[in-house]
Amino acid sequence: MALRWHGILTLELADEMKTLADTVTLRWKGHAWLSPGIAVFYGRSGHQDWHHHQAHQIALGIESSVTVETPEGSEVGDAVFVPAGVQHRLSGNTIISVYLDVLSDEARALPDTKLGQIEVDTADVRVFTEALNSTGEIDLELRFGVRRILRLTDPPLADSRLSLVSAALRGGLMGRDELAALVHLSPTRFSHWFVEQTGLPLRSYAKWLRLTHAIQLLAGGWQMTNAAHEAGFSDSAHFSRTFRALLGIDPSSALAEVRLRND
């Protein structure tokens with residue numbers, strides 16, 4: 001009897017190890033388009049750990065539903081909206097994943113930023129996938145496609161102070177005291193004001209900006225170490241840790257079969 005149970009347990013363990021190995025080695029494969037304020041991935045989804053990023057995400061299932069797990073439960077549907085800062089992990093087959101910077105016009109035009117399924121027109125999604133492979137102005141294609149899929153109207157007028165801070169952040173000024181001085185607020189009041197405007201702490205948003213800057217440099221042909229330093233990371237290991245924390249996978253695995261396009 002002991003030998004029989006030993007054999008059964010060995011087979012079960014072998015099956016579990018194979019399943020785990022298959023999951024871990026499943027890599028993301030496809031294309032990623034990068035544009036100021038918007039990023040889009042189109043292709044096969046792969047393994048992903050729990051993570052949270054400082055951008056809104058719209059996950060679209062192309063061949064089948066997409067699943068977004070959070071600590072509170074799962075959302076399964078053709079399209080799922082994930083607000084910035086929400087811990088989650090995603091699974092599916094062929095997907096389109098759209099990332100909107102919280103300070104982008106598209107993000108500010110969103111009628112709702114709650115986690116959950118959203119309705120999209122499959123015809124709009126089909127037109128968007130065709131546009132992604134066009135040779136036109138990719139920035140305009142991304143923005144028009146995202147606006148069409150999400151049925152966005154023009155965003156509300158931005159607080160002039162927010163526009164000033166956004167420009168300063170994209171110019172590399174990320175210190176709280178300096179940014180607070182730009183809009184004539186105390187550092188403490190500025191921190192509260194920034195959360196009120198974006199839903200995110202300044203430090204978290206600045207980390208996301210550094211990460212996206214480094215990825216844009218990688219798309220431009222930079223080596224990882226050089227891109228990490230240029231974007232403000234202490235070294236490539238620091239960049240890799242941040243990449244995993246914000247996107248759920250290490251950059252080497254994530255980019256092994258993903259072609260970056262920074263058109």
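Student: Where in the chain is the place of S104?

Tutor: In this predicted model, S104 sits in the loop that links β8 to α2 (105-108).

Student: Why is S104 called buried?

Tutor: The relative accessibility of S104 is 7%. Buried means under 20%, so at 7% S104 counts as buried.

Student: What makes the pair formed by S104 and D101 a polar contact?

Tutor: A polar atom of the S104 side chain lies 2.7 Å from the backbone oxygen of D101. The cut-off for such a pair is 3.5 Å, and 2.7 Å is within 3.5 Å, so the distance criterion is met.

Student: D101 belongs to β8. How do you know that strand β8 is mostly covered?

Tutor: Strand β8 spans residues 94-101, and eight of its eight residues are buried. On one side these are T94, I96, V98 and L100. On the other side they are I95, S97, Y99 and D101. Both faces of β8 are therefore covered, each of these residues being under 20% relative accessible area.

Student: What makes β2 and β8 a pair of strands?

Tutor: Strand β2, residues 38-44, is joined to β8 by seven bridges, and the two run antiparallel. Pairing requires at least two bridges, so with seven bridges β2 and β8 pair. Within β8, I96 is the residue opposite Y42.

Student: How do you know that β3 also pairs with β8?

Tutor: The reasoning again rests on bridges. Strand β3 covers residues 55-61 and is joined to β8 by seven bridges in an antiparallel arrangement. At least two are needed, so β3 and β8 pair as well. Bridge partners include A59 with S97 of β8, and H56 with L100 of β8.

Student: In which order do the strands of the open sheet lie?

Tutor: The order is β9-β6-β3-β8-β2-β1-β10, seven strands with mixed pairing.

Student: What makes β9 and β10 edge strands?

Tutor: Strands β9 (116-117) and β10 (257-261) each pair on one side only. By contrast, β8 has β3 and β2 as its neighbours in the order.

Student: Why is L182 called partly exposed?

Tutor: L182 lies in helix α6, residues 176-182. Its relative accessibility is 33%. Partly exposed is the range between buried, under 20%, and exposed, over 50%, so L182 at 33% counts as partly exposed.

Student: What makes L182 eligible for a nonpolar patch on the surface?

Tutor: A patch residue needs over 30% relative accessible area. L182 has 33%, so L182 passes that cut-off. The patch consists of L164, L173 and L182, which together have about 210 Å² of accessible area.

Student: Why is R151 called exposed?

Tutor: R151 is in the loop between α4 (138-150) and α5 (160-170). The relative accessible area of R151 is 54%. Exposed means over 50%, so R151 is exposed. R151 also has a positive phi of about 55°, although it is not a glycine.

Student: How do you know that H184 is exposed?

Tutor: H184 has a relative accessible area of 73%. With the cut-off at over 50%, H184 is therefore exposed. H184 lies in the loop between α6 and α7 (187-198), and its phi is positive, near 60°, in a residue other than glycine.

Student: What share of the chain counts as buried?

Tutor: Of its 263 residues, 41% count as buried.

How values were computed. Residues numbered from 1 in each chain as written. Predicted model: local features only at pLDDT ≥ 70, side-chain atom pairs only at ≥ 80, totals over all residues. Heavy atoms only, no water. Buried < 20%, exposed > 50% of the residue type's maximum accessible area, 1.4 Å probe, protein only. Helix = DSSP H or I, 4+ residues; strand = E, 2+ residues; numbered from the N terminus. Polar contact = N/O pair within 3.5 Å; in protein donor to acceptor, adjacent residues only side chain to side chain. Patch = residues over 30% accessible without salt bridge, like charges linked within 9 Å, V, L, I, M, F, W, Y side chains within 5 Å. Areas by Shrake-Rupley, 256 points an atom, 1.4 Å probe, with all protein chains shown as cover. Salt bridge = Lys/Arg side-chain N within 4 Å of Asp/Glu carboxyl O.
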